[in-house]
Amino acid sequence: MRLGRPVALLVAAVLLLAGMPAAAGAAPTASTEPAGRYIVTYRPRADVDAVTQRLQRRHAVKPKQLFHHALRGFAASLTGGQLRALRRDADVAAIVPDEKIRLAGQVTPTGIRRVYAHRSPLAKIDGIDDPLDVDIAIIDTGVDRNHTDLNVVGGYNCTSSTRAAWSDHHGHGTHVAGTAAARDNSFGVVGVAPGARIWSVRILDSTGEGLLSWYVCGIDWITAQKDPLQPTRPLIEVANMSVYKAGSDDGNCGL
């Protein structure tokens, strides 16, 4: 049985209280240089694979990320000529720059007691490791897959083509995962939803930076995951992200 909305609300209430640890060791990822990179979205009824293949043949477009679920389209480096051609294409709804995003600093945490998680009958914080039946996606720098105080069950890497490289080489994502779901046991700290299943969705590199397309990639993957026992329901009930992007409103919301 999944606890769903009550646990989701409980977790969401505390995730903004997470702090930022010092950076850990580096690991190679794709470049975060956004110059010449764009996100291309298709119109609602466009077939993502068919349209993309057509654009590859006709305009030599080379997608770096394909999106099917949260939105429909791709991310790629484009020349001026390719940009002009795609803007005239009937299947293309919008083209926006693939801008740089960075790790967002958190306010100083005031702890589990501030959100009364220690009094929650759902969390049942009592020093006994009794994991909650809920799935949480940490959209961040990754999560340490071997952390003994976390119930990490899997993940997805959007910072390179190596999808299994979702472990944390910075530290922030692991910290947030601990705030959300550190086990209720005899050591370390306890989370708001103790022992909940953690999914590491890595969209930021070892310096805490990434690209907007990596962020969309993470949301796209989460949206595609379905409960194996109830395929009409999403697998992941809660998602946390700690990123920001500088800029102003370009009037393209919805496109």
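**Exercise 1.** Which residues of helix 5 are buried?

*Solution.* The model is predicted, and helix 5 covers residues 212-224. A residue is classed as buried when its relative accessible area is under 20%. By this criterion, the buried residues of helix 5 are Leu212, Ser213, Trp214, Val216, Cys217, Gly218, Asp220, Trp221 and Ile222.

**Exercise 2.** Determine whether the end-to-end distance of helix 5 agrees with its number of residues.

*Solution.* Begin with the residue count, which is 13 for helix 5. The expected span is 1.5 Å times one less than the number of residues, so helix 5 should span 18 Å. The C-alpha atoms at its two ends lie 19 Å apart, which agrees with the expected span.

**Exercise 3.** Describe the parallel sheet and place the helices that pack on it.

*Solution.* First, establish the strand order: four strands form an open sheet in the order 7-8-6-10, with parallel pairing. Next, identify the edges. Strand 7 (152-157) and strand 10 (238-241) each have a single partner strand, so one side of each is left without a neighbour in the sheet. Neighbouring strands of this sheet are turned by 20° against each other on average, direction ignored.

Then examine one pair. Strand 7 is joined to strand 8 (residues 197-202) in the parallel sense by five bridges; Val152 has Ile198 in strand 8 as its bridge partner.

Finally, place the helices. Helix 5 packs on the sheet and touches strand 6, strand 7, strand 8 and strand 10; its direction makes about 145° with that of strand 8. Helix 4 (residues 172-181) lies across strand 6 (135-140), strand 8 and strand 10, and runs at about 155° to strand 6.

**Exercise 4.** Describe the antiparallel sheet in the corresponding steps.

*Solution.* The order of the four strands in this open sheet is 2-3-1-4, and the pairing is antiparallel. The edge strands are strand 2 (63-67) and strand 4 (92-97), each of which pairs on one side only. On average, neighbouring strands of this sheet are turned by 20° against each other, direction ignored.

For a pair of strands, take strand 1 (residues 37-42) and strand 4: they run antiparallel and are joined by five bridges. The bridge partner of Tyr42 in strand 4 is Val92.

Two helices complete the description. Helix 2 (residues 48-59) lies across strand 1, strand 2 and strand 3 (73-77), at about 160° to strand 2. Helix 3 (residues 80-87) lies across strand 1, strand 3 and strand 4, at about 145° to strand 4.

Key. Residues numbered from 1 in each chain as written. Predicted model: local features only at pLDDT ≥ 70, side-chain atom pairs only at ≥ 80, totals over all residues. Heavy atoms only, no water. Pairing = 2+ DSSP bridges. Axes fitted to C-alpha atoms, helices over the stretch in contact; angles between N-to-C directions. Contact = heavy atoms within 4.5 Å. Buried < 20%, exposed > 50% of the residue type's maximum accessible area, 1.4 Å probe, protein only.
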